[in-house]
Amino acid sequence: MSSLSKYSFDNYDSDISRLNVQYAFLKTAFGYPQLVPPEIDISHVSKVIDIATGTGAWALDFASLPDVRNRNVQIFACDISTAKFPPEEERKAKGINFFQQDVTELFPDELLGTFDLVNLMYLSYSLTENGWKKALKNIHGLLRPGGHLILRENDNVMYDREHPPPLRSQVLDPAAYMQGTSVLVNMNRILVGGALQLGFIVGLSHRLSTMLEEASLQVISVQDPLVPFGNYCDIQKGLNGASFSAFKAHTIENCIKVLDMVSRTMMKGGGLELADGIRIVNEEGRQVLMEEITRSLGEGGLMVVSDWVGMRPIES
């Protein structure tokens with residue numbers, strides 16, 4: 001795992017709040033009535049695990065579903081760090097077993113082949129290509145034959161209406177989004193450039209089909225909506241027509257935090273490369289760039305978040 005697997009935001013409490021609001025934002029993007037994609041029948045789920053759970057928002061939400069609450073469903077949640085786990089009394093009240101676990105490391109033997117459902121979200125800025133191979137292999141091992149995986153990920157590229165994303169069937173060229181002199185390009189020089197510098201995958205929605213198949217997981221369905229930030233929250237709608245307007249301020253704050261974190265990490269790796277060979281090598285220059293980005297983020301833009309349902313085949 002990379003050094004970014006453990007979050008480095010300064011304000012612990014505000015980071016927990018940010019993650020919980022981000023979860024609500026994603027629910028608005030997909031708008032599933034039963035929290036999980038319709039391809040999954042909750043009534044057939046008796047054991048579930050939320051991996052990279054963070055604050056436990058998904059696991060807590062899942063435990064509150066009437067179809068889950070009224071049955072003896074076993075719910076587990078794990079993360080590489082326990083720092084953002086909910087209070088113990090809340091975990092016990094919901095009957096969720098939280099434990100520390102790195103998704104790239106082997107899980108306890110007693111858990112292997114026992115889960116009907118695995119949920120995994122937002123590790124695109126935590127796993128290298130080799131990390132993904134290990135993670136998906138481990139997830140395959142956790143699922144019983146016929147069990148499902150929900151995988152939700154970000155492409156780590158910022159777009160706007162003048163520069164839309166390629167189709168999922170097309171090749172995404174990361175370098176193409178770091179060419180030019182606009183503020184959006186400079187954002188991508190941080191987000192895309194940082195991902196490349198740290199060995200992460202850019203454009204997961206263009207790769208996951210193959211990656212899942214290589215892990216012997218069958219792709220059942222894919223949704224890859226454009227999600228907005230800034231003023232685009234007043235224009236772009238969720239898959240079911242829901243408005244993002246209430247999240248406008250959050251999306252700006254979230255982008256600033258992520259770009260600030262990544263740019264700080266890039267500086268430790270040698271600096272930031274901007275257009276026309278301009279290179280930022282000190283904190284003063286980074287601050288000037290972040291101030292310019294902060295002034296422009298309100299104009300808004302778009303990102304791709306893809307939602308995959310995979311299944312361990314019955315015969316595997």
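**Ring pairs and salt bridges**

Biologist: At 38% relative accessibility, what does Arg264 count as?
Modeller: This is a predicted model. Buried means under 20% relative accessible area and exposed means over 50%. Arg264 has 38% relative accessibility and therefore counts as partly exposed.

Biologist: Which residue forms a salt bridge with Arg264, with the closest N and O atoms 2.9 Å apart?
Modeller: A salt bridge needs nitrogen and oxygen within 4 Å, and the closest N and O atoms here are 2.9 Å apart. The two residues are four apart in helix H8, which means a separation of about one helical turn. The partner is partly exposed, with a relative accessible area of 21%. The residue that forms this salt bridge with Arg264 is Asp260.

Biologist: How many residues apart in sequence are the parts that Arg286 and Asp260 tie together?
Modeller: The side chains of Arg286 and Asp260 meet in a salt bridge at 2.8 Å, N to O. Arg286 lies in helix H9 (residues 283–297) and Asp260 in helix H8, so the pair ties together parts of the chain. Those parts are apart in sequence by 26 residues.

Biologist: Is Arg286 buried or exposed?
Modeller: Buried requires a relative accessible area under 20%. Arg286 is at 0% relative accessibility and therefore counts as buried.

Biologist: Which residues are linked with Asp260 in a network of salt bridges?
Modeller: Asp260 meets Arg286 in one salt bridge and forms another with Arg264. The network also takes in Glu283. Linked with Asp260 are therefore Arg264, Glu283 and Arg286.

Biologist: What is the N to O distance in the salt bridge of Glu88 and Lys92?
Modeller: Glu88 and Lys92 are four residues apart in helix H4 (residues 88–94), so about one helical turn separates them. Glu88 is partly exposed, with a relative accessible area of 47%, whereas Lys92 is exposed at 61%. Their side chains meet in a salt bridge with an N to O distance of 3.3 Å.

Biologist: What kind of aromatic pair do Phe25 and Phe247 form?
Modeller: The two ring centres are 5.5 Å apart, with 80 degrees between the planes. Planes over 60 degrees apart are classed separately from stacked and tilted ones. The pair formed by Phe25 and Phe247 is therefore edge-to-face.

Biologist: How many residues apart in sequence are the parts that the Phe25 and Phe247 pair ties together?
Modeller: Phe25 lies in helix H1 (residues 12–30), and Phe247 in the loop between strand S7 (226–229) and helix H8 (248–268). Both residues are buried. The pair ties together parts whose separation in sequence, in residues, is 222.

Biologist: Which residue joins Phe25 and Phe247 in a cluster linked by ring pairs?
Modeller: Phe25 and Phe247 themselves form an aromatic pair. Ring pairs link these two residues into a cluster with Phe244.

Biologist: What is the angle between the planes of Tyr159 and Tyr177?
Modeller: Both residues lie in the loop between strand S5 (143–154) and helix H6 (183–198), and the pair ties together parts that are 18 residues apart in sequence. Tyr159 counts as buried at 0% relative accessibility, as does Tyr177 at 15%. Their aromatic pair is edge-to-face, at 5.3 Å centre to centre, and the angle between the planes is 90 degrees.

Biologist: Which ring does the charged end of Lys47 sit over?
Modeller: The charged end of Lys47 is 5.0 Å from the ring centre. The cut-off for a charge over a ring is 6 Å from that centre. The ring under Lys47 is that of Phe115.

Notes:
Residues are numbered from 1 along each chain as its sequence is written. This is a predicted model: local features need pLDDT of at least 70, side-chain atom pairs count only at pLDDT 80 or more; totals for chains, interfaces and linings use all residues. Side-chain values use heavy atoms; hydrogens and water are left out. Rings of Phe, Tyr and Trp (its six-membered ring) pair if their centres lie within 6.5 Å; planes under 30 degrees apart count as stacked, over 60 as edge-to-face and the rest as tilted. Buried means under 20% relative accessible area, exposed over 50%, partly exposed in between (1.4 Å probe, protein chains only). A charge sits over a ring if NZ of Lys or CZ of Arg is within 6 Å of the ring centre and within 35 degrees of the ring normal.
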